[in-house]
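Hello,

Here is the structure I promised to pass on to you. Have a look at it first, and then read my notes below.

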Amino acid sequence: MAQVELVKVAKNYGKVQVLKPLNLTIPDGSFTVLVGPSGCGKSTLLRLLAGLESLSDGDILLDKQQINNFDPADRDIAMVFQSYALYPHLTVAENMAFHMQVKKVPKAEQQAKVQQAAKVLGIDHLLKRLPKDLSGGQRQRVAMGRALVRNPKVFLFDEPLSNLDAQLRMELRAEIKSLHQQFRTTTVYVTHDQIEAMTLADNIVVMKDGLIVQQGDPLSIYDKPVNTFVARFIGSPPMNLLSGVFQNIGGKAGVSCNQLWFGLPEKWARQAMDCAGKPVTLGLRPHDLKPVAHSEQPAATLRLLEVTGESSLLHIDWSGFPLHVQFAGRARASTEQPLYLEANSEAIHLFDAQTGERLAEETDFVG
């Protein structure tokens with residue numbers, strides 16, 4: 001295991017700055033997931049760690065030792081690629097042992113490590129097969145085994161599940177998490193899938209445009225996103241965002257969004273009272289809205305209903321806002337009938353209407 005530190009790391013391709021100077025500490029033994037949309041710089045950051053790309057600026061430290069100029073083979077870091085990167089002419093066992101052969105590890109030790117890793121991954125019956133005779137999931141297990149036998153200080157995963165079907169993704173996701181819990185090797189995992197990030201990570205790094213936007217444990221990011229980008233990116237379906245203004249009605253603090261009005265809990269009341277009339281963006285997770293028999297709010301219109309069996313997802317129009325509503329069970333709703341909704345006021349999020357930054361709770365709003 002090892003701690004990884006990135007100090008003012010930057011990467012340019014000519015005049016294009018892919019990674020702006022950033023600092024990041026990856027704790028010893030953690031499972032850190034880099035997540036963000038395509039082009040945010042997460043895979044580039046992973047390749048810099050692996051030594052497959054050269055730094056434009058900054059330092060990479062592994063257990064306080066600078067490794068900027070180390071060759072990839074000398075970094076004690078193993079990487080699992082999206083494309084498996086297996087040698088087609090070598091058997092599963094030979095693919096897994098390849099790095100040890102290069103390092104001239106004794107044959108008996110190679111075989112023992114390959115057998116052990118293959119058993120852990122459930123591919124010990126496939127050791128004599130060639131990659132062309134394997135399924136996608138089996139190939140990815142071989143790629144993981146090849147990294148595992150090296151017993152590295154750090155594992156790097158570059159979107160390893162994106163080429164697999166949904167069932168295999170779920171199975172391998174569980175295996176990867178189980179391996180980390182078993183060996184506690186420092187792991188850095190890149191994905192654009194926020195569900196993978198939430199289920200795998202104990203430390204999430206959200207990236208956008210070559211910068212780190214927010215870092216923390218999954219639930220803290222989900223519960224308190226720092227801005228509207230993170231609010232929409234982390235969570236599936238994404239958070240509903242409504243444009244509104246602070247308003248006080250009968251001494252009650254709230255936010256008015258077109259014909260809708262949302263009363264605010266105590267943590268937001270001071271801002272609403274002091275800033276009546278100022279614009280604000282209100283956020284609500286889809287599961288914090290629920291259908292009710294009647295409401296003082298205007299009725300919503302159902303546009304589309306998706307029922308999976310155990311849950312229902314409603315795509316609605318509510319006072320001009322296209323929103324999502326999600327709840328357990330099977331909805332009985334129709335596009336021809338009015339839909340009344342109730343919001344969980346305690347779960348409201350508020351963001352600056354101009355910058356998109358989250359408003360601090362129990363403090364004055366700065367317009």
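Why is the sulfur of Cys275 not in a bond with the closest cysteine sulfur? That closest sulfur belongs to Cys257 and lies 15 Å from the one in Cys275, which is too far for a bond. A disulfide needs the two sulfur atoms within 2.5 Å, and by this rule the count comes to zero disulfides. Cys257, likewise, is in no disulfide, with the sulfur of Cys275 as its nearest cysteine sulfur. Both cysteines are covered: Cys257 has 0% relative accessibility and counts as buried, and Cys275, at 4%, counts as buried too. Please keep in mind throughout that this is a predicted model.

Now to the annotated part of the chain. The UniProt record, an unreviewed entry, carries the annotation "domain: ABC transporter" over residues 4-234. In the model, that stretch is 37% helix and 26% strand, and the C-alpha atoms at its ends are 25 Å apart.

An open sheet of four strands is worth finding next. Its order is E2-E1-E4-E5, and the pairing is antiparallel. Strand E2 (16-26) and strand E5 (65-66) are the edge strands, each pairing on one side only. As you know, strands of a sheet pair through backbone hydrogen bonds, either parallel or antiparallel. Between strand E4 (residues 57-62) and E5 there are two bridges, and Leu62 has Gln65 in E5 as its bridge partner.

Helix H1 spans residues 42-50 and is mostly covered, with seven of its nine residues buried. Those buried residues are Lys42, Thr44, Leu45, Leu46, Leu48, Leu49 and Ala50. Gly51 follows H1 and has a positive phi, near 90°.

Arg173 may interest you as well. This arginine sits in helix H5 (residues 166-183) and is buried, yet has no salt bridge. The nearest side chain of opposite charge is that of Glu196, 5.4 Å away, whereas a salt bridge calls for a side-chain nitrogen within 4 Å of a carboxyl oxygen. Leaving aside residues up to four places away in sequence, Arg173 touches Leu161, Ile195, Glu196, Thr199 and Leu200. Glu196 is thus in the list of contacts without forming a salt bridge to Arg173.

Val226 is another spot to look at. You will find this valine in the loop between helix H7 (218-223) and helix H8 (228-233). Is Val226 buried, exposed or partly exposed? With a relative accessible area of 27%, Val226 is partly exposed. Not counting residues up to four places away in sequence, the contacts of Val226 are Val213, Gln214, Gly356, Glu357 and Arg358. Ser162, 64 residues from Val226 along the chain, has its C-alpha atom 27 Å from that of Val226.

Last comes strand E20 (residues 349-352), which is covered on both faces. His349 and Phe351 are buried on one side, and Leu350 and Asp352 are buried on the other. Strand E14 (residues 279-284) runs antiparallel to E20 and is joined to that strand by four bridges. If you want a place to start in this pair, Val280 stands opposite Asp352 in E20.

Happy viewing, and do write back with any questions.

Best wishes

How values were computed. Residues numbered from 1 in each chain as written. Predicted model: local features only at pLDDT ≥ 70, side-chain atom pairs only at ≥ 80, totals over all residues. Heavy atoms only, no water. Buried < 20%, exposed > 50% of the residue type's maximum accessible area, 1.4 Å probe, protein only. Pairing = 2+ DSSP bridges. UniProt positions renumbered as here; feature names shortened; annotations may be inferred. Lys, Arg positive; Asp, Glu negative; His and termini not counted. Contact = heavy atoms within 4.5 Å.
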